[in-house]
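This report describes a protein chain for a reader who is new to structural terms. Please look at the overall fold before turning to the details.

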Amino acid sequence: MQPRNMSMSGVVDLAAVKAAQEAKAKAEQTRAEAARQGGAGAVSPADLVIDVDEAGFEREVLQRSAEVPVVIDFWAEWCQPCKQLSPVLERLAVEYDGRFLLAKIDVDANQMLMQQFGVQGIPAVFAVVAGQALPLFQGAAGEAQIRETLDQLIQVGEQRFGLTGLTVDPDAEPGAAPQEAAVEQAGPYDALLEAAVQALDAGDFAGAVQAYKNVLADDPGNSEAELGLAQAELLERVGGMDPQQVRKDAAEKPADPAAQIAAADLDLVGGHVEDAFGRLIDTVRRTAGGDRDAVRLRLLELFEVVGPEDPRVAVARRALARALF
């Protein structure tokens, strides 16, 4: 399996939505299979930092990323900044108590992995979450920045893929075989959520919308269904658009809420997240009453699609507050 170089905040398009859904499903399958075979029980703090090579990458990184975010530290013995960064990452891996696993890769001995991740210089830090590769930062970043990045990564793993991390036992022997874990039982809405994923895969966005609504009817706080519904509704709306006409209308009618809302949907699906947010915030400033409320509500829906952990959402929320008040 080739690692993919993608931004954590990402773009919102058909491929990204499908990839996220498939990654989550694969992570759940991998966790269930691991549980049947003995599971991932408690580990020693020493096991939170591991050396990985090309031969063990599939097992130690890709497979384990189905249960915990794996942070990858690309380093080399001759790299002086690496000698500053690596000890910080190793200390934080223990401090974070199993919420992420640190995999150290010596680039001199693993040139193929370096090329696959597109590493241009070291130190370089990536992560793999449910099989998805995410670039984090390059260079000897400060500890405050590293902590902020790790917190965001862990939140993405929990909210998007249900990764709960590893159980750490300070009395466990390093490298000892994990104790058998209980088999995870299927949740009450797994069948409906799987139906929604299959509908998205088939391009049946209306079917996916209904499947997610069925879950939310019984469990209004189901975060996976909320996210999936927002994505599916966006894709359903955009699927019936004439992009050229939408763009033409938006350019000719800058004060028309409906025209700007439709163009913002296209912006977001095309990966132009900031453009979509900025367009609607500008429209909020130019409108009032029911028109303004309609634009505001669509902007909140697009926030859900991108995800609350995305820093662009936080920036846009502050801009929206200034536009409203």
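The chain has an accessible surface of about 15,700 Å², and 50% of this area belongs to carbon and sulfur atoms; such areas come from the Shrake-Rupley method with a 1.4 Å probe, and for residues only the protein chains shown count as cover. This is a predicted model, in which local features need pLDDT of at least 70 and side-chain atom pairs count only at pLDDT 80 or more, while totals for chains, interfaces and linings use all residues. Residues are numbered from 1 along each chain as its sequence is written, and side-chain values use heavy atoms, with hydrogens and water left out.

The chain has 13 helices and five strands. Helices (H or I, at least four residues) and strands (E, at least two) are DSSP runs, numbered from the N terminus. Of the 325 residues in the chain, 48% are buried (under 20% relative accessible area, against over 50% for exposed and in between for partly exposed, with a 1.4 Å probe and protein chains only).

The structure holds six aromatic pairs. Rings of Phe, Tyr and Trp (its six-membered ring) pair if their centres lie within 6.5 Å; planes under 30 degrees apart count as stacked, over 60 as edge-to-face and the rest as tilted. Phenylalanine 74 and phenylalanine 126 form an edge-to-face pair, with 5.8 Å centre to centre and 85° between the planes. Because phenylalanine 74 lies in strand β2 and phenylalanine 126 in strand β4, the pair ties together parts that are 52 residues apart in sequence.

| Residue | Strand | Relative accessible area |
|---|---|---|
| Phenylalanine 74 | β2 (residues 70-75) | 0%, buried |
| Phenylalanine 126 | β4 (residues 124-129) | 7%, buried |

Phe57, Phe74, Phe117 and Phe126 form one aromatic cluster.
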